[in-house]
There are 2 protein chains.
Amino acid sequence: MEAITIKDIAKALNLSTSTVSRALRNSYEINPETKKLVLEYAEKTNYHPNPIALSLKENRSKAIGVIVPEIANNFFSQAINGIEAVAYNRGYHVVIFQSHESCERERSNIQHLVGRKVDGVLISLSGETTDVSHLQEIQNKGVPLVIFDRISNKIEANEVIADNFQGAFQATEHLILSGRKKIAHITSPSLLYTTKERLEGYKAALEKHGIPFDEDLVHYCGFAPEEARQVIFELLDKQKPDAIFTASDRLALDSFAAVKAKGINIPEQVAFIGFTNLQVAHLLDPPLSTVVQPAFEIGRTAAEMLLNTIENKQSITAVKTIKIPTEVNLRTSSN
Amino acid sequence: MEAITIKDIAKALNLSTSTVSRALRNSYEINPETKKLVLEYAEKTNYHPNPIALSLKENRSKAIGVIVPEIANNFFSQAINGIEAVAYNRGYHVVIFQSHESCERERSNIQHLVGRKVDGVLISLSGETTDVSHLQEIQNKGVPLVIFDRISNKIEANEVIADNFQGAFQATEHLILSGRKKIAHITSPSLLYTTKERLEGYKAALEKHGIPFDEDLVHYCGFAPEEARQVIFELLDKQKPDAIFTASDRLALDSFAAVKAKGINIPEQVAFIGFTNLQVAHLLDPPLSTVVQPAFEIGRTAAEMLLNTIENKQSITAVKTIKIPTEVNLRTSSN
DNA sequence: TTGTAAGCGTTATCAA
DNA sequence: TTGATAACGCTTACAA
C-alpha cells in the first residue's frame with residue numbers, strides 16, 4: 001500500500017529514473033513510445049510525485065501560509081474562504097495559523113511558515129503588533145508577502161484593505177443625516193491601522209456637517225470580553241450619545257446588547273450603525289444598519305496578488321495597496 | 001540570507017555533518033565539548049532543522065489535515081479553532097481544506113493531504129458524501145483518521161460528535177412543554193448522520209408526550225440559498241405548524257426570516273428553537289432559543305484523539321465514538 | 001534517446 | 001568519539 005515512486009516505475013519498465021522523470025515532465029529528448037509506456041504505467045499504478053521530495057529539491061512547497069488573529073470570526077473566516085478559493089484553483093495549499101492577537105505568537109507562526117518553506121505569506125496583523133521586524137525579515141529572505149485588512153504603516157508591503165475611511169465616512173454621515181449630533185465611536189485598539197482610518201472617516205463626516213469633534217465620544221476597546229460593556233455603560237452615563245458607530249462585529253454586538261440591557265430604546269434614543277460582517281444584522285431587534293467589509297473579496301484579491309508575485313507575474317519590489325470599497329446596508333425597523 | 005544547514009555548521013567547525021547532527025539530537029556518543037561547540041554555533045547562527053528534509057527522511061510531516069464543508073460557518077470555524085489550539089500545543093501544523101459540500105472535492109482534498117504526507121486527517125463529511133471509499137483507502141494506508149460531527153455509518157472510524165439525539169429531544173420537548181403540538185422540523189439533507197440522529201430525538205420527544213409523528217412536518221433542505229425559504233413558505237401554507245425546530249445556523253436564520261416575512265408572529269403563532277452556533281441568538285427579534293453544539297470542544301476532542309493515535313498513545317484499530325453533550329439556551333422575549 | 005551521478009538537508013549504519 | 005556513506009524521491013547536468 002506504499003506510494004509508488006519513480007524508482008518503482010523505472011524498475012518495472014527497465015528504465016532509468018531519469019528517463020522516467022523526463023517522460024513524466026518534458027516531452028522533448030524522449031522517445032514517444034517510451035514516454036507513452038511510462039505514462040500508461042504511471043496512470044495504471046496511480047503514480048503521484050512526492051511533493052515533499054519536490055519541495056526539498058526546488059526549495060518551494062506549493063503552499064502559502066495565512067496568519068489571522070482568529071479564525072472563528074466572520075470577517076477572517078470569509079477572507080480565508082476567498083483565499084482558499086484562489087489557492088485551490090491555482091494548485092496551492094493553504095496553511096492557516098492564528099496569532100490570537102499576540103505578537104509573540106505571530107512571530108512564532110512566521111518562523112514555522114518560513115521553516116516549512118511556504119512560497120508566500122498572507123497576514124492580517126495581531127492587535128498587539130507594533131514591531132514588524134519579523135515581517136521585514138521574511139521580506140529580506142525574499143518570501144513574497146501580502147498584508148490584508150490589518151496593515152501597518154511601519155512596513156512597505158503589498159496590501160489589500162477595505163476602504164475604511166470611506167465606510168466610516170458613510171456610516172457617520174448616515175447618522176448625521178438622520179438627525180444625530182452626538183455620535184459616539186466605539187472602536188478597536190488605537191494602534192491598528194484600520195482604527196486610524198476609520199477615525200479619520202468619522203472625523204471627516206463630522207467636519208463636513210459642521211459638528212465639532214469631541215474626543216470623549218471616541219472609545220478604544222481591547223479584545224477582552226467584558227471591556228466593551230463597561231465602556232458602553234460609562235459612555236451612556238457620561239456622554240449620553242444619541243448614536244453609536246461601532247468598528248467590528250464584536251463591538252457592534254456587545255454595544256447593542258449593553259444599550260438594550262440599560263433599557264435604552266434603539267434607535268429612538270440611540271441609533272446604531274456598525275462595521276460588521278454579521279449575516280444576521282437584518283434579523284436583530286431592531287434591524288442593524290451595517291457597513292460591510294467585503295471579506296471574501298479581500299481574501300481573493302490578496303491571494304491573487306500573492307500568487308502573482310510568487311509566480312513572478314508581479315515584481316516582488318513593486319509594492320502597492322489595493323482598496324476594496326465597503327458596502328453600506330441601511331435598515332430601519334419598518335423593513 | 002539563506003537558511004543555515006548542518007553542512008554549514010560542519011564546515012565552519014571542521015566537523016562532519018554526522019557529528020553535527022548527533023550533537024544537535026542525541027547526547028550520547030559525542031564529546032561534550034564538541035556538542036557544546038555545535039550547540040553554541042547553532043544558537044548563534046539561528047540554525048533550525050529543515051522540516052522538509054525531515055519529512056522526506058522520516059515520511060511524516062508534523063502536520064495534520066482538516067477537511068470541512070465550509071470554513072465560513074460558525075460551527076466549523078469554532079471547531080477549527082479547537083483543533084488548532086491542540087495542534088499548536090503539541091507542535092503540529094494544521095492544513096485546512098474545504099469540500100464545499102462536494103464529494104468530488106473531498107476526494108481530491110484527501111489525495112492532496114495524503115500526497116503531502118500529513119500525519120493524520122480530521123474530517124467532517126460533505127453533505128453529498130455517501131461513498132466513503134476515499135476514507136477507507138487512507139485507513140488502509142495506515143493514516144490515522146478522526147471524523148467529527150458529520151460522520152457516516154458506512155465506515156468504522158474514530159468519531160467525535162455532539163449528542164444530537166439528546167439535543168433534538170430537549171429542543172422538541174421544550175416546544176411541547178410550552179404547549180405546542182404541531183412541531184415542524186426543518187433539517188439538513190437526509191443522508192447526513194446528524195440529520196438522522198436529530199430526527200430520532202425529535203420523534204422520541206413526540207412519542208414520550210403522546211404526539212403522533214407526522215412526516216409531512218419534516219422537511220429536508222439542501223444547501224442552496226433560496227431552498228429553505230421556499231420550503232418554509234410551503235410549510236406555513238399547508239401544514240400550518242405552531243412551532244419550528246431547525247437543524248443549523250443557516251436553516252434557523254432562513255426560517256426565521258421567512259416566517260417574519262410572512263407577517264407571522266414569533267413566538268405567539270410559531271415558536272422557534274434551533275440547533276445553532278450563532279452568537280447573536282439572544283439579540284434577535286424575538287430572542288431565539290437554541291441548542292448549541294460545543295464546536296470548540298468537539299474540535300479539541302477530535303484533535304486530541306487524532307494526535308494520540310498518531311503518537312501511538314492510542315491504537316489505530318481501537319475505534320471509538322465520543323459524544324459531547326449539547327447545551328440548551330432557552331430565551332423568551334421578556335429577557 | 002537514454003543512463004549515470006550529484007544534489008536538496010537530514011539521519012542511520014557502519015567503519016575507523 | 002568521529003567520519004564516510006547511503007538513503008528518503010526527485011530533477012538535471014553531463015556523459016554515453
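In this predicted model, 26 residues sit around DNA strand D, and those that come nearest are Thr5(A), Ser18(A), Ser18(B), Thr19(B) and Asn31(B). On chain A, helices H1 (6–13), H2 (17–24) and H4 (51–58) each give two or more residues to the surface near the strand, and on chain B helices H2 (17–24) and H4 (51–58) do likewise. H2(A) has the largest share, with five residues. Sorted by class, this surface near DNA strand D comes out as eleven polar, nine nonpolar and six charged residues.

Next, the two protein chains. Here 33 residues of chain B are in contact with 33 of chain A. On the chain B side, at least two residues apiece come from H4, helix H5 (74–89), strand E2 (93–98), helix H6 (103–115) and helix H11 (249–261). That side of chain B splits into 18 nonpolar, ten polar and five charged residues.

Chain A also holds an open sheet of six strands with mixed pairing, ordered E7-E6-E8-E9-E10-E12. Strands E7 (218–220) and E12 (327–329) of chain A are at the edges with a single partner strand each, so one side of each has no neighbour in the sheet. On average, neighbouring strands are turned by 15° against each other, ignoring direction. Within the sheet, E9 (271–275) and E10 (289–292) of chain A run parallel and pair over three bridges; Ile273(A) has Ser289(A) in E10(A) as its bridge partner.

Two helices of chain A pair up with these strands in the description. Helix H10 (227–238) of chain A lies across E6 (183–187) and E7 of chain A, at about 165° to E6(A). Helix H11 (249–261) of chain A packs on the sheet too, touching E6, E8 (243–246) and E9 of chain A, and its direction makes about 155° with that of E8(A).

How values were computed:
Residues are numbered from 1 along each chain as its sequence is written. Chains are lettered from A and ligands numbered from 1 in the order in which they are written. This is a predicted model: local features need pLDDT of at least 70, side-chain atom pairs count only at pLDDT 80 or more; totals for chains, interfaces and linings use all residues. A residue is near a molecule or strand if its C-beta atom, placed from the backbone, lies within 6 Å of it. Helices (H or I, at least four residues) and strands (E, at least two) are DSSP runs, numbered from the N terminus. Ala, Val, Leu, Ile, Met, Phe, Trp, Tyr, Cys and Pro count as nonpolar, Asp, Glu, Lys and Arg as charged, and the others, Gly among them, as polar. Two residues are in contact if their C-beta atoms, placed from the backbone, lie within 7 Å. Two strands pair if DSSP finds at least two bridges between them. Axes are lines fitted to C-alpha atoms, for helices over the stretch in contact, and angles run from 0 to 180 degrees between N-to-C directions.
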